[in-house]
Amino acid sequence: QDEEKWDFVLVSDIHEVGSEREIKRKKFLDELSKKGFTIKKIEDQKLFYGVRAPPLLFRQYQWLLRDPDNRQQSPDGHRDVAVTTRIRIVNFILQNTVTPDLEKLRDLIKKKVFEAAFPLHEKGELSEFLKEKWARWRVIFCRQPIEKIRWYFGEKVALYFAWLGWYTFLLGIAAAAGLLVFVAGITVFNSSQLSKEICEAKDTIMCPLCDQHCPFWRLSDTCTYARVTHMIDNEGTVLFAMFMAIWATVFLELWKRQRARVVTNWDLYRWDEEEEELALELINNLQHEPRQYQHSYFRSTIVLLLVLVMIAVLVGIAHALVIYRVVATALFAQSSSGFLREQADTVAVMTGAVLHYITIVIMSKVNRRVALFLCDLEKPRTFSQRESTFTVKIFTFQFFTNFSSLIYIAFFLGRINGHPGNYVRIAGKWRLEECHPSGCITDLFIQMAIIMLLKQTISNVMEYLNPWICHQLRRKRRQRPKKRRMMLGEEEEAEDPCKRQWLSNYELNEVNIFSLFDEFLEMVIQYSFTTIFVAAFPLAPLLAFCNNLFEIHLDAIKMMRLHRRMVPRKANDIGIWLLVLEAIGILAVIGNGLVIAITSDFIPVLVYKYTYSPCVMENSTGVDCSTGYINHSLSTFRVQDFEFYTKLPQMPPGFVSNNITECRYRDYRNADDYSYTVQFWHIFAARLAFLILFEHVALCVKLIAAWYIPDVPLSVKNTFLGRKHSDLRKELSMMEYSTEV
């Protein structure tokens, strides 16, 4: 039975005898034969070539990568090589075997000489265990069998699932804290003094929201919107933002410890990737010369400039979304539908969020092509270097794709739009959006909620349905001809036992070098959403937690049941992703500090309470110190100063006076010349002071947490200490023994 175990299967169309493709295929297979490979051919609608490497290759691998101190001992004594290691070695040799025409397997697949090359899913106890105890929805709350995943898919996949499991476990704590803050916000839904003031402001007439036929409106009309805003924007949000900054650090520090334990158990803590790659190159070709480290400042400059151009394009797309919202708001405000007219702002923000999601989907594909092109320009030395540079580029592009629009809403919306009588306009026509009198944070909340929900529902459904549908279609396509042949009576010869296994593996969906990368990228972008703007959306960790419970088993089902077997990769950490996660942790501190200081009304309310409120002006006990804040935060505008663009409509019914001479708008400006008031500069200084204080405190706490939690557990350090001690004792006793002899 061992003789029928094949390391890899190559699939090819049936080419005409003597055709160029057939000759190229024969040359490649001849090269494998020269290296001692056993090749078995099975013909169906396609040609299948089973490939098995000679035992010598694995003995060489074990010899080269054995502990140097033990190489002189038992040169013939070798353990069986793990299946994952066999597949990895064979894959390396297949990918690096060169034909006399100087073509590799990658080139032959591009030229349609071969269609696919893949390792086989095993039929055995291990695969059955993983299918039943891991790749099932019913085990969604069970612990993952990381050790068994490692034996089947290799260390890199096992580390991904170990990281994802650890991240999801700690997300549970963040989700509980976020839910607590949100519930606390709901309890003050009706009791907030600011909401009460807006709901009771029936006599406060607000300036029109657009230029054409938009009416004056009462501040009390937006009572519900104000309550929702103050449900999100409260003191608890500030504490939660600080908590999430610390959580991000603690999560990474605890992951470093967890990773150290796991890779020590696997005996990979001090594994050297470069040494492994050099060993494989020499096994493949003894004459191989290593490629030298090189760096070109010219090439790096070109790549940097192209990256900046791409970022400018992505920021340009964010500007286009802003223009859409501005134009949509103007059009909805003039709509014949009463609902659209009243909710023009909210509908524009919601449709803008859906449009933003669509741009994310499209630009993700464009970003990948651009990042690959830039990697080719850079010419990295090894596959791992290429993966690292690609990761940094694609994450940068995806970050701007996902967050440019959110950054605008959080920090620019309503702050660069001017004021009545002097609005900033796009193309001199459409005026920029402005914030609601109760603050801009609800716009950010809506945008975050829609994008996260769409990303996590639609993306996950598509992630499962796409491979499932493709798998079903491939199976049906293969079943039809078989029935026809059976009717013709041609199925007489006994079927080769390998044929069914090879065909069933071929019918599965193709995997590529980016399959695992895509899963990591999806999770890291989600981690960014969960931490960077969490002050505006405390439910983000809860949504991420629920999503990840499904994500773990969705990925497991795809890998075990819907996709061909991944080529196992050796690894002792999650690579460049750790640095990306640490960068996100720092961005989270900056982002949340800016959201609280700039987007939220936390600072203006605080300044009002301690500088201008009734509590300061007069010794009034029993009065809420934020009483009068809403009136204080609105400026007065004379209707006669409107620009000629503004066409005021007939007064809506219900207004006491048809002759409105003044209206209010959200800003701190003087009533006579519309210049900034002293209060504006007080608040500006307080925002700046808070931002500096928050970020320094949060970063200090992060540094203290990083110092307090050692990266490597003492158990791991003691393990290595014991090993060193026993090795030295053994050396000394061997020396004494040799001198005695």
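How many helices and strands does the chain have? There are 25 helices and 12 strands, and they belong to a predicted model. The legends below start with the whole chain and then visit one place at a time.

**Figure 1. The chain as a whole, with its overall dimensions.** Welcome to the full view. Along its principal axes, the C-alpha trace spans about 105 × 80 × 55 Å. The chain has 741 residues, of which 50% count as buried. Take the contacts between residues at least 6 apart in sequence: 80% of them join residues at least 24 apart. Some of the views below show such meetings residue by residue.

**Figure 2. Strand S3 and its two antiparallel partners, S1 and S2.** Here we look at residues 47–52, which make up strand S3. On one side of the pairing is strand S1 (residues 8–12), joined to S3 by five bridges. Strand S2 (residues 38–43) is joined to S3 by six bridges. S2 and S3 form a hairpin, with three residues between them. A good place to rest your eye is glycine 50 in S3, which is the bridge partner of valine 9 and also of lysine 40.

**Figure 3. The two sides of strand S3.** In a regular strand the side chains alternate between the two faces of the sheet. In S3, Leu47, Tyr49 and Val51 point one way, while Phe48, Gly50 and Arg52 point the other way. Are these residues buried or exposed? All are buried, so the strand is mostly covered, with six of its six residues counted as buried under the 20% cut-off.

**Figure 4. Helix H15 and its kink.** Helix H15 covers residues 383–411. What span should its 29 residues have at 1.5 Å a residue? The expected value is 42 Å, and the C-alpha atoms at the two ends are 40 Å apart, which agrees. Follow the helix along and you will come to a kink of about 45°, centred on phenylalanine 403.

**Figure 5. Tyrosine 269 and phenylalanine 720, an aromatic pair.** The model has 44 aromatic pairs, and this view picks out one of them. The ring centres of tyrosine 269 and phenylalanine 720 are 5.2 Å apart and the planes are at 45°, so the pair is tilted. It links distant parts of the chain, 451 residues apart: tyrosine 269 is in the loop between helix H10 (235–265) and helix H11 (273–284), and phenylalanine 720 is in helix H25 (residues 714–740). Both residues are buried. Phenylalanine 720 has another neighbour to look for, since the charged end of arginine 723 sits over its ring, 5.3 Å from the centre.

**Figure 6. A charge over a ring at tyrosine 676.** This view shows the charged end of arginine 669, which sits over the ring of tyrosine 676. The distance to the ring centre is 4.2 Å.

**Figure 7. Asparagine 509, buried in a loop.** Asparagine 509 lies between helix H17 (497–506) and helix H18 (515–531). Its relative accessibility is 10%, and because buried means under 20%, asparagine 509 counts as buried. Which residues is it in contact with, leaving aside neighbours within four places in sequence? The contacts of asparagine 509 are Pro467, Cys470, His471, Leu562, His563 and Arg564.

**Figure 8. Isoleucine 630 in helix H23.** Helix H23 takes in residues 629–633. With a relative accessibility of 5%, isoleucine 630 counts as buried. Not counting residues up to four places away in sequence, isoleucine 630 touches Leu194, Glu197, Ile198 and Leu219. For a sense of distance, try threonine 739: it is 109 residues from isoleucine 630 in sequence and 92 Å away in space, C-alpha to C-alpha.

**Figure 9. Two lysines with a positive phi.** Most residues other than glycine have a negative phi. Lysine 112 has a phi near 65° and is placed in the loop between helix H4 (105–110) and strand S4 (116–118). Lysine 112 is exposed, with a relative accessible area of 52%. Lysine 379 has a phi near 55° and is found in the loop between helix H14 (344–378) and H15. Lysine 379 is exposed too, with a relative accessible area of 51%.

Methods
Residues are numbered from 1 along each chain as its sequence is written. This is a predicted model: local features need pLDDT of at least 70, side-chain atom pairs count only at pLDDT 80 or more; totals for chains, interfaces and linings use all residues. Side-chain values use heavy atoms; hydrogens and water are left out. Helices (H or I, at least four residues) and strands (E, at least two) are DSSP runs, numbered from the N terminus. Buried means under 20% relative accessible area, exposed over 50%, partly exposed in between (1.4 Å probe, protein chains only). Contact means heavy atoms within 4.5 Å. Two strands pair if DSSP finds at least two bridges between them. The expected span of a helix is 1.5 Å times one less than its number of residues. The bend at a residue is the angle between axes fitted to the seven residues ending there and the seven starting there. Rings of Phe, Tyr and Trp (its six-membered ring) pair if their centres lie within 6.5 Å; planes under 30 degrees apart count as stacked, over 60 as edge-to-face and the rest as tilted. A charge sits over a ring if NZ of Lys or CZ of Arg is within 6 Å of the ring centre and within 35 degrees of the ring normal.
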